[in-house]
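Hi,

Here is the structure I said I would pass on. Have a look at it first, and my notes follow below.

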Amino acid sequence: MAASCDSLLPLVLLLCLSAQAVDRSNFKTCDQSAFCKRQRELKPGQSPYRALLDTLELSNSRLSLQLINDNNKVRLLLELYRLQGNMTRVKINELKPLKPRYEVPDVLLSDPITEALSVVAQDENSLVVSLGGKDQRLILSAQPFRLDIVEGSQVVMSLNSRGLLAFEHLRTRKDTKSESEQAPGQENVEQQTDEDGQIKEDDDKPGMWEETFKSHTDSKPNGPTSISLDFSLPGVEHVYGIPEHADTLKLKNTDGSDPYRLYNLDVFQYELHNPMALYGAVPVLISHSTDRTMGIFWLNAAETWVDISSNTAGKTMFGKILDFVQVSSEAPQTDVRWMSESGIIDVFIMLGPKPADVFTQYASLTGTQSFPPLSALAYHQCRWNYNDQEDVKTVDQGFDEHDIPYDFIWLDIEHADGKRYFTWDPSKFPQPKEMLQGLMDKRRKLVAIVDPHIKVDSGYKIHNEIRSKNFYVKNKDGGDYEGWCWPGNAGYPDFTNPEMRTWWASQFAYDQYEGSMENQYIWNDMNEPSVFNGPEVTMHKDALHGVWEHRDVHNLYGLYVQKATADGLIQRSEGVQRPFVLTRAFFAGSQRYGAVWTGDNAAEWGHLKISIPMCLSLGLVGISFCGADVGGFFKHPSAELLVRWYQAGAYQPFFRAHAHIDTPRREPWLFGPENTALIREAIRQRYALLPYWYQLFYNAHRTGQPVMRPLWVEYPDDFATFSIEDEYLIGKDLLVHPVTDEGATGVTAYLPGKGEVWYDVHTFQKHDGDQSLYIPVTMSSIPVFQRGGSIICRKDRVRRSSSCMENDPYTLYVALGSQGSAEGELYIDDFHTFSFEEAKQFVHRRLSFSANTLSSRNLAPDSQFSTASWIEKIVIFGGSQPSSATLKSADGTESALEFEFDSTLAVLTLRKPGVNAAADWTIVLR
Amino acid sequence: MTCLHLLLTLVFAVSLGTPVEIQRPRGVPLTKKQFYEESKPFTCLDGSRTIPFDRVNDDYCDCKDGSDEPGTAACPNGSFHCTNAGYRPMFIPSSRINDGICDCCDTTDEYNSGAKCENTCKELGRKEREVLQKMAEITKEGFLLKQQLIEEAKKGQQEKQSKVTDMQENKKQLDEKVEALRTVKETAEQPEKEAKERHLKAWEEQKAAIRLEKDKAKMAETFLELDDNADGFVSVSELQSHAELDPDADGTLTEIEAQGLMGGAEQVDTSTFESVWPKIKDKYHSEVSREEADISCLEPAPVETPPDEVKEPVVDNDSEPYPEDDISEEEDEDDEDEDDYHEDDDKVSAQPTIKTPEKTHEDEEAMPPYDADTQALIDAAQKARDDFEEAEKALREMDDQIRNIEKELSFDFGPDAEFTYLYSQCYELTTSEYIYRLCPFNRVSQKPKYGGSETNLGTWGSWSGPENNKYLLMKYEQGTGCWQGPNRSTTVKLTCGKETVVTSTSEPSRCEYLMEFTTPAVCQEPANIDPSPHDHVEL
């Protein structure tokens with residue numbers, strides 16, 4: 001839920017009353033953000049930076065040398081690392097900053113493992129460093145300074161080739177007033193070296209030492225600190241990532257518009273197709289061409305802007321050492337430029353070359369998706385707000401009365417006593433445990449919201465403790481920072497402080513959080529952080545987190561909130577139970593702590609449509625557990641839109657319906673029996689496929705491969721897939737084309753893969769790959785296809801919650817490829833604890849079909865887990881009629897299976913193999 | 001894998017309490033027992049296929065209609081029957097079999113899940129009987145009350161009907177009377193008008209004569225003033241001493257100009273001066289009063305303030321006869337309707353009878369009183385007017401009354417007019433924060449308990465219950481608007497009760513209120529109460 005507007009807050013009300021869509025004037029354009037404006041004024045050209053090759057230091061895994069800016073003589077320190085897994089890290093900081101500059105902690109899993117570097121060639125103006133195998137080298141040119149990564153004779157990426165490296169060094173503020181009064185004639189002198197070799201500062205430009213936006217003034221005690229660097233990607237036309245934006249999957253050229261902005265903000269009623277910043281930021285850009293997939297991870301948590309231009313002209317000159325490099329001037333090229341307000345340049349270049357490699361590389365740096373409890377992958381019913389315990393009970397019963405499954409019911413801010421999180425409204429929720437027990441009796445769960453703004457109220461324990469422990473963020477004058485949010489005046493705990501996070505986590509203990517129980521999970525909203533009366537509805541940049549300014553840490557705040565909360569949920573169960581925490585704000589690494597959603601969208605077809613590229617973009621940069629509010633948060637959806645949204649949401653990773661407090665009720669049964677039936681069917685499809693979702697999340701957790709994937713990830717050579725964003729893959733085996741147009745009677749789906757086949761999961765019809773196909777649709781479902789060559793496990797006995805289905809049998813859907821074979825996996829564990837990791841208690845099996853033999857073999861022989869689940873049925877698409885089917889069990893016994901064959905659709909159904917899902921077995925068709 | 005008992009011995013309790021053992025597959029209701037014969041192959045109940053009997057309840061779904069698995073969760077569309085001896089039997093979806101949740105009070109749905117279920121049928125049965133009994137009592141008494149309400153409503157309706165008929169008769173007469181009085185009034189007003197005009201004209205003439213007289217006197221006076229040398233003539237030079245008479249306004253009155261004013265003559269005598277006078281009288285400043293005039297010019301002109309108007313009282317609110325008729329902030333057009341209820345004569349009497357202050361010009365004397373004849377005509381006309389207005393007012397009042405009764409009669413008060421008694425009544429419920437007020441067929445409102453203005457939660461819209469009985473729900477719509485949301489509305493749910501009370505209110509959705517209201521008017525005729533109904537549980 002939640003927006004920066006509420007009728008309770010006259011202040012905000014005034015700002016928002018007339019706003020139907022986003023009030024853009026509340027948020028900065030690049031021009032209004034002083035550093036972005038300064039940086040963008042710098043145009044491509046010869047870089048003033050020169051590498052001082054005589055300062056070269058080379059240890060086994062680290063190369064460093066100094067760079068000098070010939071304009072102002074300020075020296076920088078460049079560090080290069082070769083990282084395990086085909087990555088290069090480039091770090092640039094001031095050689096001698098006046099004080100330390102912020103380096104983002106806690107995002108990398110650990111210090112990345114380095115590999116040996118060696119200089120393979122050197123001359124007076126350049127240096128060639130081997131990046132190890134595959135003929136990969138890094139060429140450092142001294143003047144002008146630039147870096148080129150080459151493979152063979154191909155340049156794959158260049159840094160500072162457009163000369164946009166810019167590093168605003170720390171400086172002391174000069175008394176401009178008196179100086180200009182005394183010597184106005186001196187003002188335009190660009191630089192002057194005094195006798196110590198020290199540099200006179202550049203001219204003061206507007207906004208360097210103070211910046212005002214609307215009524216907010218940002219005192220900038222440290223002056224200008226921004227940084228910038230450009231990257232050129234020869235041969236690349238498609239770049240993706242850098243979420244969160246309500247925009248297309250393929251990033252657009254920003255030449256004529258604002259750059260993409262990364263600055264976590266609570267944007268009220270956001271607009272579509274806009275590079276404006278939203279709630280979260282992951283500074284990772286993925287490039288893709290038929291030749292290579294790469295990634296750039298710009299590790300910086302300050303306000304960041306990213307310019308993208310794909311000009312094929314304007315190639316820059318190469319040093320003589322590069323003469324052998326072939327550069328076709330016709331080749332496409334994409335240039336990317338990153339600009340951040342503070343911190344250092346710390347870039348991880350992930351060299352792929354395949355999409356899966358980039359995901360692995362990025363996962364090795366920031367970790368993988370947390371493995372959620374199974375129930376979190378089921379359906380969530382949310383509303384701002386379920387009014388009271390009675391309401392919760394009634395809605396819960398409503399689901400049973402209408403035979404619709406759900407796992408989680410959610411409580412928004414109204415559940416707490418006066419928005420004092422960790423408490424319950426005494427009149428609406430007098431007996432929270434009774435309510436939670438009622439849900440537990442139905443094997444269901446609840447999520448309650450806990451936001452990071454803490455009501456300033458001396459009668460509120462949480463506030464008193466935070467204040468007494470001095471855990472609040474400070475304002476620039478050293479007092480506790482206070483801002484307006486839902487509870488009124490609120491303080492903001494300093495989540496960057498590890499002690500604070502430890503304390504926060506301890507508050508989720510059952511004896512601290514009164515009324516909580518083990519089936520209650522948590523939702524962190526407003527953690528950008530949202531400050532209704534702050535600049536751009538967030539915290540003042542000159543607020544202080546210990547020694548660091550909010551400016552430095554802004555985009556990290558939300559990650560820390562979710563981390564501390566997830567830690568709390570783990571600790572309350574003494575490390576046994578997997579947590580589930582939803583967050584609105586996020587950063588690189590947030591995937592380790594739970595789920596994210598796309599914030600306060602609206603009940604509009606455009607918002608349904610954009611939910612696909614928004615979640616795909618997040619998946620590309622590690623955050624797989626993504627969803628959009630089903631139905632749309634603001635406004636009231638038509639029945640058609642709501643049904644279509646359920647159908648789409650059922651095939652997105654995080655599946656939650658949510659609604660604004662001012663909208664009419666929209667539980668699934670309130671739109672007439674027909675629509676109730678349609679929504680029930682959509683949710684049931686989700687539940688049947690939970691085994692597949694669960695297996696994909698296990699896979700994402702282990703390997704970092706996204707769950708929801710753009711087509712090009714699996715078909716990297718098929719140019720036609722590169723811009724597709726109206727359909728996508730779940731894993732690699734299900735292709736989904738949601739219906740996102742009102743009144744649609746058909747969609748055109750692209751089925752990729754030359755020589756591949758796809759099966760419509762609703763009709764079992766077979767289609768060839770590598771074609772666009774018009775598929776008529778009715779309201780009953782959206783097109784979903786299973787890839788020929790895959791085996792998907794489902795639980796077709798859908799019950800009222802996923803927990804009720806834990807011991808149910810599996811049905812295997814075997815879709816034969818054109819070669820008559822298929823493969824799949826089955827993963828089973830206890831569905832909610834860490835035992836899979838800590839005690840290797842799980843079942844992981846490879847299912848494969850070839851040469852008329854289907855078998856299940858153990859993929860993890862050292863694991864052990866016993867399940868009551870068995871194999872109920874096997875459905876084989878694309879096969880022929882056998883004369884017999886024989887099941888061979890692990891103990892060698894053989895038995896004949898009955899089967900049915902539908903010759904029109906070529907669907908073979910094997911009746912009740914009955915083997916345990918964890919066992920070895922083989923079925924032979926003759 | 002699963003181990004299943006194909007057949008179960010079920011204990012079926014008939015109402016006499018004699019246990020009878022009847023064998024049938026798990027989950028099959030007695031009524032369908034005949035389709036499940038162990039000795040024969042089983043044909044799916046939809047007839048789609050026939051399977052060996054050992055595939056019934058073998059935990060694999062063979063029939064499309066789910067009928068082969070009445071006792072397992074294998075079929076997605078199956079249903080399981082629990083006997084629930086002591087309570088009511090019911091069907092549950094197959095998906096609830098062995099899902100770890102106790103659904104059947106006889107615990108039969110959880111035979112293989114490990115769930116610890118207790119047989120609660122007896123307890124539930126007892127409770128249900130209690131509730132049913134209580135309900136039956138309420139229904140019985142409520143239904144009796146309802147009969148009275150119907151009785152009263154019918155009587156009332158008849159009375160009103162005949163009253164309207166009477167009134168319409170009376171109204172006809174009144175109509176005629178008004179018309180007659182209008183003629184009388186108009187007849188009396190004509191001579192009145194003529195007499196008044198005559199009087200006015202005579203007065204105008206009289207005023208003109210007086211004005212002429214005054215002018216002449218002033219002219220003579222001026223002549224004497226101008227004739228400085230008192231030779232009986234006003235000469236050019238004498239005239240020139242009055243520069244204000246300068247026709248071209250250049251500040252000096254030249255000889256030629258003065259001569260021009262005097263019609264070319266060098267001098268004029270009193271009689272010739274009569275032709276000069278009109279040209280100069282407007283500009284001429286009397287020598288005597290010249291100084292005084294200069295001074296008086298500096299003084300502010302006296303402001304005309306008709307004192308009566310200031311004192312005129314505005315509309316007197318305190319005289320409102322129905323102060324409880326509330327008007328909330330942003331009022332709606334519907335208010336008219338409400339006001340119509342209470343025949344408000346203040347609207348009618350709004351015509352002020354105060355005489356408008358006569359515009360009297362200082363200079364001119366007041367108009368002389370009418371002569372006796374004229375006054376007699378006026379008095380006669382005034383009487384005719386008063387009589388007419390009185391009759392017209394009476395007619396309007398009667399119209400209002402008729403309209404009100406007709407409006408009341410036009411409401412849908414239920415098939416037997418049993419809801420009539422709710423009309424023009426209000427019922428309140430006080431919660432921790434608000435006082436809710438339901439005035440059936442009128443409006444619903446909410447007022448903060450501790451001060452603050454009232455909010456309209458909707459005005460009467462329509463009956464909106466289900467098709468088979470629309471009188472179970474009332475809908476009140478178009479209340480005060482919500483920020484970024486709809487107008488407030490309220491649904492009133494009516495249930496049978498002995499008393500007419502608002503029992504609860506809630507706001508399930510922002511600005512959509514739900515009010516529960518008990519009234520005998522919805523109590524159904526009590527059927528012969530069956531303590532153990534066989535119906536599927538009402539959802």
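To start with a quick one: is A:Cys485 buried or exposed? A:Cys485 counts as buried, since its relative accessibility is 0% and the cut-off for buried is under 20%. Keep in mind that this is a predicted model, so please read everything below in that light.

**Cysteines in chain A**

If you number the bonded cysteines of chain A in sequence order, they pair up as 1-2 and 3-4. A:Cys382 is not part of any disulfide: the nearest cysteine sulfur belongs to A:Cys626 and sits 16 Å away. A:Cys382 is another buried residue, at 2% relative accessibility.

**Disulfides in chain B**

Searching the whole structure turns up 10 disulfides over all chains. I went through three from chain B.

The pair B:Cys61 and B:Cys75 has its sulfurs 2.1 Å apart. The torsion about the S-S bond is 105 degrees, which makes this link right-handed. Both cysteines lie in the loop between strand E4 (50-51) and strand E5 (79-82) of chain B, so the bond ties together parts that are 14 residues apart in sequence. B:Cys75 is buried, with a relative accessible area of 1%.

Next comes B:Cys82 with B:Cys104, where the S to S distance is 2.0 Å. Here the torsion about the S-S bond is about -70 degrees, so the disulfide is left-handed. The pair links distant parts of the chain: B:Cys82 is in strand E5 of chain B, while B:Cys104 is in the loop between strand E6 (90-93) and helix H1 (121-226) of chain B, 22 residues apart. Both ends are out of reach of solvent by the accessibility figures, as B:Cys82 is buried at 0% and B:Cys104 is buried at 2%.

The third is B:Cys496 with B:Cys523, again a disulfide, with the sulfur atoms 2.0 Å apart. At 95 degrees about the S-S bond, the link of B:Cys496 and B:Cys523 is right-handed. B:Cys496 belongs to strand E14 (residues 489-496) of chain B and B:Cys523 to the segment after strand E16 (512-519) of chain B, so this pair also links distant parts of the chain, 27 residues apart. What about accessibility at the two ends? B:Cys496 is partly exposed, with a relative accessible area of 21%, whereas B:Cys523 is buried at 0%.

**Where chain A meets chain B**

On the interface, 36 residues of chain A are in contact with 31 residues of chain B. The area buried between the two chains is about 2,900 Å², and carbon and sulfur atoms give 43% of that. Of the area that chain A buries against chain B, A:Asp662, A:Arg800 and A:Arg911 supply 23%, more than any other three residues.

The rule finds 9 salt bridges across the interface of chain A and chain B. One to pull up is B:Arg510 with A:Asp662, whose side chains meet at 2.9 Å, N to O. There are also 17 residue pairs in polar contact between the chains, both residues at pLDDT 80 or more.

Which elements of chain A give two or more residues to the side that touches chain B? They are helix H5 (389-401), strand E48 (871-877), strand E51 (898-902) and strand E52 (907-911) of chain A. E52(A) gives the most, with 3 residues. By class, this side of chain A has 10 nonpolar, 7 polar and 19 charged residues.

Cheers

Methods: Residues are numbered from 1 along each chain as its sequence is written. Chains are lettered from A and ligands numbered from 1 in the order in which they are written. This is a predicted model: local features need pLDDT of at least 70, side-chain atom pairs count only at pLDDT 80 or more; totals for chains, interfaces and linings use all residues. Side-chain values use heavy atoms; hydrogens and water are left out. A disulfide is a pair of cysteine sulfur atoms within 2.5 Å. Helices (H or I, at least four residues) and strands (E, at least two) are DSSP runs, numbered from the N terminus. Buried means under 20% relative accessible area, exposed over 50%, partly exposed in between (1.4 Å probe, protein chains only). Contact means heavy atoms within 4.5 Å. Buried area is the accessible area (1.4 Å probe) that two parts lose on being put together, summed over both. A salt bridge is a side-chain nitrogen of Lys or Arg within 4 Å of a carboxyl oxygen of Asp or Glu. A polar contact is a pair of N or O atoms within 3.5 Å; within protein, one must be able to donate a hydrogen and the other to accept it, and residues adjacent in sequence count only if both atoms are side-chain atoms. Ala, Val, Leu, Ile, Met, Phe, Trp, Tyr, Cys and Pro count as nonpolar, Asp, Glu, Lys and Arg as charged, and the others, Gly among them, as polar.
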